[in-house]
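Okay, thanks everyone, let me get the model up on the screen. I'd like to walk through the pockets and then say a bit about a serine and the cysteines.

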Amino acid sequence: MPVLSGPFDWQKGLIWDVGFIAAGDQLPAGPDLIHFCPAMVDTGASHTCVSQSVAKELQLEPSGKSEMRTAREIVPVNLYYVQLVILLPAKRGPDGEQIGTMQVFGPISAPEFDPGDQVCKALIGRDIISQGALHMSLDGHYTFSL
């Protein structure tokens, strides 16, 4: 069972470096061909969301429109059809070489969100979190078992 784990800062939140590719694209042979960006794990978000800058980087066209409920209002947003890629920790192969693997989620319909001045360009919502078991401890460590 793959597991992600590590420290996090309660004030900044749990932030993962995740990749996105267009939903119809084949997974590239290596992670160097995937657009990676910082994404905040948001247990209050129903859906994984991407910023307009991620959509532009990937040259995505909106696949539709939806409404997003924020803490203050309901806003119309574009939807983008993407696949989410998480790099898993490398393991040693039979010859001692490091073998890295990627976990792909999707395709998913990701609403657009405005990150404002935050460093995060995506939100990881419960649509992804629910596919594993997330544990965040009070001492600032997390595990996400898939």
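So, what lines the second largest pocket, by class? Seven nonpolar, five polar and four charged residues. Keep in mind that this is a predicted model. The volume of that second largest pocket is about 290 Å³, and 16 residues line it, with Met 68, Val 75, Glu 112, Phe 113 and Asp 114 closest to the centre. If you want to find the walls on the screen, look at α1 (52-57), β5, β6 and β7, since each of them gives at least two lining residues. Which one gives the largest share? That's β6, with four residues.

Now over to the largest pocket, at about 340 Å³. Here 17 residues make up the lining, and the ones closest to the centre are Ala 45, Ser 46, Cys 49, Met 68 and Arg 69. Three elements put two or more residues into this lining: β5 (64-69), β6 (74-92) and β7 (98-113). For the largest pocket, the top contributor is β5, with four residues. By class, you get eight nonpolar, five polar and four charged residues in the lining. Notice that Met 68 turns up among the residues closest to the centre in the largest pocket, and again in the second largest.

Let me stay around there and go to Ser 51. Ser 51 sits in strand β4, residues 49-51, and is buried, at 1% relative accessible area. Its side chain makes a polar contact of 2.9 Å with the side chain of Ser 53. Leaving out residues up to four places away in sequence, Ser 51 touches Glu 112, Phe 113, Pro 115 and Lys 121. Two of those, Glu 112 and Phe 113, you've just heard about as residues closest to the centre of the second largest pocket.

Last bit, the cysteines. How many disulfides are there? Zero. Take Cys 49: the nearest cysteine sulfur belongs to Cys 37 and is 12 Å away, and Cys 49 is in no disulfide. Cys 49 is also buried, with a relative accessible area of 5%. And why is there no bond for Cys 120? Because the closest cysteine sulfur, again in Cys 37, is 8.4 Å from the sulfur of Cys 120, which is too far; the cut-off for a disulfide is 2.5 Å. Cys 120 is buried as well, at 2% relative accessible area.

Okay, that's my tour, happy to rotate things if anyone wants another look.

Conventions: Residues numbered from 1 in each chain as written. Predicted model: local features only at pLDDT ≥ 70, side-chain atom pairs only at ≥ 80, totals over all residues. Heavy atoms only, no water. Buried < 20%, exposed > 50% of the residue type's maximum accessible area, 1.4 Å probe, protein only. Polar contact = N/O pair within 3.5 Å; in protein donor to acceptor, adjacent residues only side chain to side chain. Contact = heavy atoms within 4.5 Å. 1 Å grid on protein atoms, 1.4 Å probe; cavity = no way out; pocket = protein on both sides within 12 Å on 5 of 7 lines; lining within 4 Å. Points joined across faces, edges and corners; volume = space filled by probe spheres on them. Nonpolar A, V, L, I, M, F, W, Y, C, P; charged D, E, K, R; others polar.
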